[in-house]
Amino acid sequence: MKIPRLTDTTLRDGDHAVSHSYTPEQVRSIVKDLDEAGVPVIEVSHGSGLNGSTIQQGFSTHSEFDLIKAAVETAKQAKIASLFVPGIGTSEELREAAEIGISLIRIAVHCTEADVTEQYFRLAKELGLETVGFLMMSHTQPANVLAEQAKLMESYGADCVYVVDSAGALVPNGVRERVTALKSALSINVGFHAHNNLGLAIGNTITALEAGADQIDGTLRGLGAGAGNAPTEILVAVLNKMNIETGINLAILMDAAEEKVARLMQSPIVIDRDNLSSGYAGVYNSFLFHVRHAAEKFDVGVSEIMEELGKRHAVAGQEDWILDVAVELAQKKRLKV
Amino acid sequence: MYKILKNDGNMELVLVAGIDPNSEGLARAKDKGITTSHHGIDAILEDPDIKIVFDATSAKAHKLNAQALRKQGKLAVDMTPAAIGPFVVPTVNLHDHLEAMNVNLISCGGQATTPLVHAVSRVVPVHYAEVITTAASLSIGPGTRQNVDEFVRTTANAVQQIGGATMARAIPVFNPAEPPINMTNSIYAVIKEEFDEAAVIESVQSIAAEISSYIPGYHLKGTPFVDYRETPWGHLPTVVIMNEVVGAGDFFPAYAGNLDIMTASAYRVGDVYAAHFLGSKEVTR
C-alpha cells in the first residue's frame with residue numbers, strides 16, 4: 001500500500017463541534033503541534049467553508065481570516081488549506097484567503113453538482129493554489145455517477161477529488177466501490193473523508209487506502225461535525241501498525257488530542273442516538289446542533305427529524321429545511337390529540 | 001410567451017426572436033402562430049411597433065442589447081443578472097419606475113424573497129437578512145451554474161435595496177432529489193429592537209397573498225415565527241419565514257417555481273407598463 005497524504009481538518013470540520021468559536025490563539029496552538037508532528041496539510045476555515053459565518057450555518061465568534069492568518073504564520077512545513085462551498089463563499093473570499101497565504105483550496109459541492117465548481121477551480125489555479133474537489137454526501141450516488149462528476153472536476157483543474165462521506169453513512173464495500181471507480185476514471189489523486197456515525201471512520205479510511213486512495217482526512221480526537229471524523233492520532237497509530245510509514249510523530253498528536261482538543265469539546269463526541277439516527281438516515285453531519293435546537297423549540301424528537309430529512313434527501317447547506325421539518329412534525333403531533 | 005397568450009392583458013405578442021434557427025423555443029412560438037426570427041435583437045429593432053422587450057439572454061448580451069433598445073425607445077424588461085436598470089419587484093416598487101426604459105428582475109430568489117423582507121422592514125427595521133433559495137438541480141441552467149457569484153451578489157443587493165435590510169446575504173442551494181423538489185425559500189430577518197410580532201406576521205401574510213394573485217403557486221409554508229439566535233450583534237430575535245413556489249406548469253414543469261416566478265413577474269411588469277403606456281401616450285397595439 002502506498003503512503004497516503006494526511007490532511008488534518010480539526011480546525012475546519014472541528015469548527016462545527018465547537019460551534020464556530022475558535023480563537024486565533026487556539027489555532028496557533030493546534031497548528032504548532034500538527035506542524036511539528038509532521039502533518040502535511042492542515043485545513044482551517046468555517047466548518048461550512050469560507051464565508052460560512054451565517055444564521056443558516058452558525059455565526060463564528062472570530063473572523064476566519066484572522067484564524068487562517070494565525071495558521072499561515074505558525075506553520076513551518078505544513079500547507080494550510082481552506083474549504084470553499086460555491087454559493088456560501090464567492091470569488092472574493094477565495095481571493096482573500098489566497099492573499100493571506102493558503103496553499104490549497106478544497107472546493108466542495110453536493111456530489112451531483114460538480115459543474116458549479118468550474119469558475120472556482122479556474123480562479124484557484126490562476127491564484128496558484130493546489131486544488132481538491134470534495135464530492136459531499138457521496139453515499140447518495142452510485143460509483144459511476146461519482147466518477148463522472150469527479151471527471152468534470154478533473155477537467156476544470158482539480159489536482160485531487162475526494163469521496164466525502166458527509167453523513168457517515170457508507171459501509172466498507174460502498175467505500176471500496178466508489179474509490180475504485182474514481183481511481184480508474186481519473187489520472188489525478190483520489191481522497192477519502194470519513195465520518196463516524198456507524199463506527200466505521202477508521203475502518204472505512206483503511207478500506208479507501210486498500211482501494212488505492214492517495215489522500216485521507218482526520219481530526220484530532222475525531223473533533224468534527226456530528227459523530228466526528230477519523231481521529232488523526234488513531235489513523236497514524238493504525239498506519240504504524242500496518243507498517244505504512246507516514247513519518248508523522250504519534251506522540252505529539254496523542255498529547256495534542258488529549259491536552260488541547262479534548263478540552264475544547266462542548267460534550268464528548270460519541271455515537272449517541274442522535275448521531276446514529278443521522279448516519280442511518282444519511283443526513284449531513286453538520287445538521288446535528290441545528291436539529292437539536294429545532295427539536296427543543298418545537299418539542300419533537302431528534303431522531304424523527306433526522307429520519308424525515310433523510311427521506312427528503314436534504315443536501316449540505318439546507319439547515320433551513322430542519323425548521324420546516326420540525327414545524328411539520330409538531331403540527332402532525334397536534335392533530336393526533 | 002405562454003403567459004402573454006394565456007392572459008387577456010394589455011400586451012400583444014408580435015415577435016419571438018432568438019439566434020438559433022433550430023431552437024426549441026422558436027419552434028414552439030411558430031407552432032402557436034407567432035412570428036419568429038433567428039436574427040436576435042436586430043429583428044426586434046426593425047419593428048418600430050414593438051414597445052416592450054423581454055430580454056432573457058445573458059448578462060453580457062443584455063449590456064449590448066440595452067443600449068440599442070434604449071435608442072429606439074423600447075422598454076427592456078431585463079431577466080438576466082445584468083442589473084443595468086433599477087430592480088423591480090411587482091408588489092414592492094413597480095410603480096416607482098414607470099418612466100424607466102430598462103428594469104431588472106434581479107433573480108428568482110430575489111423575486112421570491114425581497115417582498116417578504118420588505119414586509120418585515122415596513123413594520124420594524126431589519127438589521128440583517130439572510131435568504132436561502134433552494135431549487136431542483138434539474139431547473140438550474142448552465143448560465144446560473146457557471147456564475148453562482150452573480151446570483152449571490154445581485155440577490156443580496158436586492159434584499160438590501162428592495163427588502164430594506166441594512167445588511168444581507170443570499171445563499172443558493174441546488175438539490176437533486178428525485179422526484180424534483182419545489183422551489184423553497186427561507187428568510188431570516190434579525191431584529192435589534194422591540195417589535196410587534198403579530199404585526200410583522202400579518203404584514204408578511206398580506207404580501208404573500210398579494211404575490212399569489214399573480215403567481216398562484218406562491219405561498220408561505222406555515223406561519224412565520226420568531227426564533228432567538230446567537231448573532232454577531234447579540235442574542236437577538238430572528239423572524240423566520242418559509243415559502244414555497246410551485247410553478248404554473250405553462251411550459252416549465254411545476255417543480256421549477258424558480259423559473260415560473262421569473263416569467264410570471266416579467267409578465268406582471270410588462271402588463272403594468274403596457275397599461276401605463278396605453279394610458280399616457282399613443283401606442284400601436
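**Close-up 1. Strand β4 of chain B and its partner β5(B).** Strand β4 of chain B, residues 75-78, is joined to β5(B) by 3 bridges, and the two run parallel. To find one of the pairings by eye, start at B:Ala76: its bridge partner in β5(B) is B:Asn102. Keep in mind that this is a predicted model. As a quick reminder, strands of a sheet pair through backbone hydrogen bonds, either parallel or antiparallel.

**Close-up 2. The open sheet of chain B, with a helix across it.** Zoom out a little and you get 3 strands in an open sheet, ordered β3-β4-β5 in chain B, with parallel pairing. Which strands of chain B stand at the edges? They are β3 (52-55) and β5 (102-104); each has a single partner strand, so one side of each is left without a neighbour in the sheet. Neighbouring strands here are turned by 20° against each other on average, direction ignored. Helix α4 of chain B, made of residues 59-71, lies across β3, β4 and β5 of that chain and runs at about 160° to β4(B).

**Close-up 3. Where chain A meets chain B.** Chain A puts 26 residues into this contact and chain B puts in 30 residues. On the chain A side, α5 (118-126) and α14 (319-336) each supply at least two residues. The largest share of that side comes from α14(A), with 4 residues. What kinds of residue make up the side of chain A that touches chain B? They divide into 8 nonpolar, 11 polar and 7 charged.

**Close-up 4. The two domains of chain A.** The domain assignment splits chain A into domain 1 (5-264) and domain 2 (273-336). Taken over C-alpha atoms, the centres of domain 1 and domain 2 of chain A are separated by 25 Å. Where they touch, domain 1 of chain A gives 23 residues and domain 2 of chain A gives 16 residues. The side of domain 1 that touches domain 2 in chain A has 9 nonpolar residues, 14 polar and no charged.

**Close-up 5. Helices α7 and α8 of chain A, side by side.** The axes of α7 (residues 172-185) and α8 (residues 201-210) of chain A come within 9 Å and cross at roughly 30°. That angle is under 35 degrees, so α7(A) and α8(A) are roughly parallel to each other. The crossing of α7(A) past α8(A) is right-handed. From α7(A), the contact uses A:Pro172, A:Val175, A:Arg176 and A:Val179; from α8(A), look for A:Gly203, A:Asn204, A:Thr207 and A:Ala208. Sorted by type, the residues of this α7(A)-α8(A) contact are 4 nonpolar, 3 polar and 1 charged.

Notes: Residues numbered from 1 in each chain as written. Chains lettered and ligands numbered in written order. Predicted model: local features only at pLDDT ≥ 70, side-chain atom pairs only at ≥ 80, totals over all residues. Pairing = 2+ DSSP bridges. Axes fitted to C-alpha atoms, helices over the stretch in contact; angles between N-to-C directions. Contact = placed C-beta atoms within 7 Å. Nonpolar A, V, L, I, M, F, W, Y, C, P; charged D, E, K, R; others polar. Domains from an automatic or database assignment. Parallel < 35°, antiparallel > 145°, perpendicular 65-115°, else oblique. Left-handed = near helix turned anticlockwise from the far one by under 90°.
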